[in-house]
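Please work through the exercises below with the sequence and the model side by side, and read each solution only after trying the task.

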Amino acid sequence: MQKLLSSTCLAATLAIGLAGLAHGAEYTPVTDARLTNPEPQNWLMTRGNYQGWSYSPLDQVNSSNVRGLTPVWTFSTGVDSGHESPPIVNNGVMFVSTPYAQVIALDAATGDELWRYKRKLPEGFSALHNTNRGVALYGDRVYLAGLDAVLVALDARTGKVAWETKVEDWKTGYYMTMAPLVVKGKILVGVAGGEFGVRGFVEAFDADSGKSVWKTYSIPAPGEPGSNTWEKPDTWKTGGASTWMTGNYDPTTDTVFWGTGNGSPWFGDQRPGDNLYTSSTLALDGATGKLKSYFQYQQNEDWDWDAMNAPMLVDFQKDGATVNGLLTPQRNGYLYWLQRKSDGGIGFLKAQPYVAQNVFKSVDATTGRPVIDMDHKPGTGKMAQFCPGLWGGKDWPYESYSPKTGMVYIPSNENHCNKFEGKVEERVPGQWWTGVAIPDFHFSVDPKAPFYGEIKTFDVNTGAPGWRQLYAHSMMWGSLLSTGGNLVFGGGTNDREFRAYDATTGEELWHSRTNSAIIAPPASYEVNGVQYVAVQSGYGVDAAYQETLLSELLGWQADVPQGGVVWVYALSK
Amino acid sequence: MMGAGVALAPVALAPWLARPARADDDPSALHPQPGDRLVFLTGPKKGQIIKPEDLPLGGPQFQAYPQSPDGVLRDGSRLNLLIVIRLDPASLSPTTLANAADGVVAYSAVCTHQGCPVNAWSEEKKMMVCSCHGSTYDPRNDAKLLFGPAPRPLPALPLKLVAGVPMVAAGFSARLGGETA
């Protein structure tokens, strides 16, 4: 039996070493100072900075010359399914992760492969979403959240495993897809598995040793503050509040802002109460993990509207004063302005819908708590339609904030709904346990709608809407990147295009057709004085599944090609 | 905009779940063997050996694991997860009928797409459904795919009726598990 355990629990791994860092090139260690003030030429973390802006200050490529942008190299990952990670770049070295937890190190200027890490997943393993959303860099290591809920530290120069730490038992439904977050010598991860009835948490590990430093559950245990919001015994144990997207970080107050998923199972009447901290933003102390504050977007959730997207740290004007704020377009279709208090607290300021939504009758101006239209709240044995549907006004793809324009750019979807009812199901650990089967989702769209996917923009100070881009024949599943060159880059459409828009006017200035469709975030960086824009094209996961439904509903293309390719562009010389 | 010499990505699919069960010396991880019986994983008869009369005619399916004649539950490998359903023999395709025991049919519950458990039932379509990405299989016709991304049918586990109890008659009809890159 011991032999059995050792052969299965230790998931074998493989680092395929090529040249490693060529010619003895120096790798520049990543420090806290560099993460706090990242150099414009680098893209050191998933969203470019701790504030989560998805913004590059680089401006060599700009709205006047972007039409000259051309591919300079590509790299086939050799992997299928949904590629959702941005290229992470540190002084000329690029790290991309792929579905099934692979990491590829590349020369960011030439595309030469330096090394590749392939995680061997355990026998019988499966995950609802097999994607990965990027690596984290710290010191001279690369950190990967393995799909099988194992955190892996790799040597940035060679790809060799420095350590592995099991975060959770995948057989119980936990898995990991987000990019880790580095906070002062610690590597923070969250977990997916809400559809399987897990209890979410954020856990911090020592960057050197891989040992756990703190672990904070996103659902309180009995006796802890908030536990009285789980009124039915034991529902908290399987209540969801997964933590499947990376948080953002405020170094000045050492506060981590991390989003949580909806409740499990999906139907609130099976877990009466507000169900803290489902569909919330948590404010956690970076050093201890202690919960400083929270904001819950909707209580006793029924719509699969995770609040997994951590808010961006954006300072905006309000009543003539600058507010240290949080800005977040949520899956529930509302755009929120929140306050970052000096003690790490979160205050509600205002919310407004950014897509049509029929569930909230209103949002309390003081607390931010929505008043629910019960006609649009599904329940156990109670069929109800709600719009936007379960994929929300936006799903996980990143919005972008440009400090240059003062605008937020939101990849959105509209004119779609779901209608379902719940049933009570017996839970089998590691198996789907939402209370509704996929064929019974009754996803629908308005067939006469003039568009479905869109980019919406708003002034962060006034909330006034700006330009829009409407996609008549596609949903929008692409993260956006704004740049100092007054550009917004993004893919996200089923026509395989990668596009650049004028950040001020929304005019489409450039496009490039890629191998697959793009659901990964773009990034920008500079090597030897040349600005590059890079993105992975590789369709899959929910975008592809939704597309199969739309092929039946609207006749859209059912088989958008899959397979990952890293595309890197620069101005033609 | 695609430049010369830019290659499209090959979609590399490699079987990763097709290996034999974990350890030859662990009977709980062995794949189903002839003579094994089937045991409910869930429901009011959880842990009990499945008999045809325990199953509602026409579905839904139940999840099960095989159990050896000497009582070892073969749940040591997730690849041994089964779905069992009782259907009108007149509704079955010839191959499915040949694999059935008094209308009881068993398939691998591991989706051939990405290995998720096929644990949902569409009452509307009377079909077995994978909860991960909606692959929908016809239990009457060799678990052929009707919808979704799975590349091939679910492997069938041939059964025979012995003393009124469905027993495993032979190994799976195809290799187990999903595809991944």
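Three exercises with worked solutions follow. This is a predicted model, in which local features need pLDDT of at least 70 and side-chain atom pairs count only at pLDDT 80 or more, while totals for chains, interfaces and linings use all residues. Residues are numbered from 1 along each chain as its sequence is written, chains are lettered from A and ligands numbered from 1 in the order in which they are written, and side-chain values use heavy atoms, with hydrogens and water left out.

**Exercise 1.** Determine how many helices and strands chain A has, and assess its compactness.

Step 1: Counting DSSP runs (helices H or I, at least four residues; strands E, at least two), one finds three helices and 39 strands in chain A.
Step 2: The radius of gyration, taken over C-alpha atoms, is 22 Å for chain A, close to the 25 Å of the globule rule (2.2 Å times the number of residues to the power 0.38) for 573 residues, so the chain is as compact as a globular protein of that length.

**Exercise 2.** Establish what share of chain A is buried, and how its contacts are spread along the sequence.

Step 1: Buried residues (under 20% relative accessible area, 1.4 Å probe, protein chains only) make up 67% of the 573 in chain A.
Step 2: Of the contacts (heavy atoms within 4.5 Å) with a separation of 6 or more in chain A, 62% join residues 24 or more positions apart.

**Exercise 3.** Locate where the confidence in chain A is lowest among its elements.

Step 1: The pLDDT, the predictor's confidence in each residue from 0 to 100, averages 95 over chain A.
Step 2: Helix 1 (residues 2–9) of chain A has the lowest mean among the elements, 36, and pLDDT stays under 50 over residues 1–12 of chain A.

Technical notes:
Buried means under 20% relative accessible area, exposed over 50%, partly exposed in between (1.4 Å probe, protein chains only).
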